[in-house]
Amino acid sequence: MDLNKINETKADKVFMGFVYVALTFALLIVLYPLIYIISASISDPAAVNSGEMWLWPKDITFEGYRIILQNDAIWRGYMMTIFYTVFGTFINLIFTLPTAYALSRKDFYGRRFFTLMFVLTMFIDGGLIPTYLVVRNLGLIDTVWAMVLPNAVALWNIIITRVFFQSTIPRGLEEAATIDGASNFKLFVKIIIPLSAPIIAVMALFYGVGHWNSYFNALIYLADRSLYPLQLVLREILVLQEMSSNSVSMTGGMAEFIHSQQQLAAIIKYGVMIVSTLPIIVVYPFLQKYFVKGVMIGSIKE
Amino acid sequence: MKKLLLSFSMVLVLLSVLVACGDDTSDVNGTSEETNGEVAVHKEGFPIVDEEIKLSLMAPGVGIEDWKNMVTLKRYSEMTNMTFEYITPPVSDFQTRLNLAFASQDLPDIILGAGTGNLTPGMEVDYGRQGVLLPLNDLIDEYAPNLKALMDENPEIARSVTTPDGNIYSLPFINNHPTAVWARGPLWYRGEWLENLGVEELPKTVDEFYDLLVRFRDEDPNNSGQDDTIPLTDVQMNSSRAWLMAAFGMKEWGIEEHDGEVRYAPMTDNYKAYLEFMNKLYDEKLLDPETFSQADEQKKAKGQENRIGLFPDWFSFFTTGQPEEEAVKDPMFFPLTSEWSQDRVVPANPGMVRGTFSLTKYNEHPEASMRWIDYWYSTEGRDFFDKGPEGYLWEANEDGTRNPLPAPEGFESPEEYRATLTPTYGITPPMLGDLVEGEPRSDFDLFIQAETEEKITPFSETPFPLVYLTDDEQRTVNTIQQDLSSYIEQMEARFITGVEPLSNWDDYVSTIKSMNVEEYINIHQEAYDRWAQN
């Protein structure tokens, strides 16, 4: 008794057929690498490298995960990465949200000037060395602050947030709050922030993923190994794998070192891919509903 | 109005950037200038200084243990009364950090273990001239008796580390190890295959070599009953090239020297003959068809499946995956002769790696630093830094020989344990590389030495000495080299795979000529002549 059912025409059926074929194809394209990585992480590296393992695990072994779980450096890196991501994202939000809100208010004196100055930084960049010197002279080198304070805001995110404020928060609401006696600060904290859950979620995700994946700042600013984030630890293990143990001006000691690193990398390579992306994959579905909404909202202007 | 404001603020920003650049240099090195330079340095014995001094040291870290926890360095600090702040960026990205340190002038007192790949000869010349790196000549004479003795013994050392202005800016790793002559990993035959085919004697000419590869292909040498053998494999010819080119009378895939004459090998007729030969191997499936597309791990996978007959690697068991004891059955490739080269030639390693120890201008104690490193060049010191103090990796027997100890729980191998004891693991340290006195040697060690002495040492020739180029020369060379090497790399693959027929050889040579190769050769010729005069 399906009243909504409308008989499909032949053309509709053909069209839907195409849609399903195309979707299935797209699904396979994105799904295959995921399955491959999961299978490879529990297969014997020899089977993976020779191409015998191409979809389902072969010669199943959990050796890779065992090594990963026992590796202190990876765990310490994991803890540091979680810390940098949580703390860094917190700092990002603390700076991004008020800035964007201030810039969104038409009655903000000097708004044009500040916006212009912010935008300028998109085109004029200090470059690596001057930035390094600034960070150094601020005394941030080799501290956790070097990981969270430089890049405390990303201009692009400020713009997105500003557009969100401009387009979703009615001016009338602000006026009403002011008439009721709210100061600007109270207005921001009590009214604007509670209304901005979607954009906060989106910003947290943007910044968070950025922190999670970053290794370059750590490489440049950190000397103490106990502060290394996960990505840098993994990079140390995996990059050497790319080097052939046969390049010129090699000494016996180096050849053996690289060989042992290659063996290690071959075993844990796919396992660490999963271990290091799992948290992001787990968090993503919870933020996803905001994510879609947030990006949509940012894109439409009244 | 808008435009005006924009351009005004642009100017403002630019100005502030310029101003910032201008006065930045004066206070940049504020941090390292606190100790007074007036510390008496003992010329011999330990400690080196009476009053404790602290220096900063930058070196590539292999990521297994922090340098400050390494037992050798801790003990050496107690002996010398010198302590260090160790800055050890990962070896994979060391170059980035080192370049940043030079560019920002945020330099440590000592740069150790960088090697030519990171602290290039060009950088030595450049930063030496600018005074950023200290000249070490006088310091060596006064404070480095062990190194001095080595240099007196082998004049080649001083010749190779002295830059065109007459100064030495970095100390080398000096290799006296049995494998020191290896320029790269050798080619290895799969011993089992030779046995199955009843091959008594390894090929000594190109034709015999070809015949053996054909047998590898056709006669099922791995007894698998299948047609699955690959006679010769490599990853992009990177390692086997040198051995096969040598059969056609070339020593280097680039600049090489023959009797004082410098030439560029990839444009010679010898090279054409090499390409022809390799093309033949490729066509007949004697050379792995995946040579130009596979990665190292795929090559190793084939080795572990016992599918390859001849392959390059540092040691054969890296590829075959067999235990070390079995690897003594895999013989090393014997250098070949051909109508192009009646004499056997093997390109050899100069036995040194430069750029392993430099002092920067911020170093307040260059004398003490030199004495500190000199110990590494003594027999006692090198053994200490190689294998650590007694009780960790070894214990002494009554007759003075060493008894190796097993690695403690939690370490996969003694090598991995060694990496937690001493910094000389995985980097090129400024020291004397040699066998440790009184340490027992495995059958495999002896096998490697015997193979090297039979097949490499008698035929070894250095392709081109370790020279320094002047600033200008270096710049020109860099520009030319970049185009040149990517072109010949690409063309080598095309010629061998037959995508480009060898009838296009003349076009190829004229393209190389149009890339300014003449100047490239001339610069190297001049550098060689300077070197030869010293």
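# Briefing on a predicted two-chain model

B:Asn306 sits in the loop of chain B that runs between helix 12 and strand 9, the strand that spans residues 308-312. This residue belongs to a predicted model, and the notes below follow a few of its features, from the backbone to the salt bridges and the cavities. Chain A has 14 helices and zero strands, while a search over all chains of the structure finds 39 salt bridges and the structure also holds three cavities of 30 Å³ or more.

**Backbone features in chain B**

- Although B:Asn306 is not a glycine, its phi is positive, at about 60 degrees, and with a relative accessible area of 14% this residue is buried, because buried means under 20%.
- B:Lys285 likewise has a positive phi of about 60 degrees without being a glycine, and its place is in the loop of chain B between helix 11 (269-283) and helix 12 (296-304).
- Is B:Lys285 buried or exposed? Its relative accessible area is 53%, so B:Lys285 counts as exposed, the cut-off for that word being over 50%.
- The peptide bond that leads from B:Phe46 to B:Pro47 is cis, with an omega near -5 degrees, and B:Pro47 is found in the loop between helix 1 (2-27) and strand 1 (53-58) of chain B.

**Chain A and its nonpolar patch**

- Read from the N terminus on, the elements of chain A run α-α-α-α-α-α-α-α-α-α-α-α-α-α, and of the 302 residues in this chain, 40% are buried.
- Which residues make the nonpolar surface patch of about 590 Å²? The patch is made by A:Phe25, A:Leu27, A:Ile29, A:Val30, A:Leu31 and A:Leu34.
- One of these patch residues, A:Leu27, lies in helix 1 of chain A, which covers residues 10-41, and A:Leu27 is partly exposed, with a relative accessible area of 47%.
- A:Ile29 also has its place in helix 1 of chain A, and because its relative accessibility is 51%, A:Ile29 counts as exposed.
- Measuring from C-alpha to C-alpha, A:Ile29 and A:Thr61 are 26 Å apart in space, and along the sequence they are 32 residues apart.

**A salt bridge between the chains**

- A:Arg136 forms a salt bridge with B:Asp106, and the closest N and O atoms of this pair are 2.6 Å apart.
- A:Arg136 lies in helix 6 (residues 128-137) of chain A, whereas B:Asp106 lies in the loop between helix 3 (94-104) and strand 3 (110-112) of chain B, so the pair joins two chains.
- Are the two partners of this bridge buried or exposed? Both A:Arg136 and B:Asp106 are buried.

**Salt bridges within a chain**

- In chain B, the side chains of B:Lys148 and B:Asp141 meet in a salt bridge with an N to O distance of 3.4 Å; B:Lys148 is partly exposed, with a relative accessible area of 28%, and B:Asp141 is partly exposed as well, with a value of 47%.
- Another salt bridge of chain B brings together the side chains of B:Lys387 and B:Glu439, at 3.6 Å from N to O.
- This pair links distant parts of the chain, 52 residues apart, with B:Lys387 in helix 16 (residues 379-387) and B:Glu439 in the loop between strand 14 (432-433) and helix 18 (443-455) of chain B.
- B:Lys387 is buried, with a relative accessible area of 18%, whereas B:Glu439, with a relative accessible area of 24%, is partly exposed.
- In chain A, salt bridges that share partners join A:Arg105, A:Asp107, A:Arg171, A:Glu174 and A:Glu175 into one network.

**The second largest cavity**

- About 40 Å³ of space lies in the second largest of the cavities, and among the residues that line it are B:Pro60, B:Gly61, B:Val62, B:Trp67 and B:Met70.
- The lining of the second largest cavity also includes B:Ala419, B:Thr422, B:Pro423, B:Tyr425 and B:Ile427.
- How many residues of this lining are nonpolar, polar and charged? The residues of the lining divide into eight nonpolar, two polar and no charged.

Definitions and conventions:
Residues numbered from 1 in each chain as written. Chains lettered and ligands numbered in written order. Predicted model: local features only at pLDDT ≥ 70, side-chain atom pairs only at ≥ 80, totals over all residues. Heavy atoms only, no water. 1 Å grid on protein atoms, 1.4 Å probe; cavity = no way out; pocket = protein on both sides within 12 Å on 5 of 7 lines; lining within 4 Å. Points joined across faces, edges and corners; volume = space filled by probe spheres on them. Nonpolar A, V, L, I, M, F, W, Y, C, P; charged D, E, K, R; others polar. Patch = residues over 30% accessible without salt bridge, like charges linked within 9 Å, V, L, I, M, F, W, Y side chains within 5 Å. Areas by Shrake-Rupley, 256 points an atom, 1.4 Å probe, with all protein chains shown as cover. Salt bridge = Lys/Arg side-chain N within 4 Å of Asp/Glu carboxyl O. Helix = DSSP H or I, 4+ residues; strand = E, 2+ residues; numbered from the N terminus. Buried < 20%, exposed > 50% of the residue type's maximum accessible area, 1.4 Å probe, protein only.
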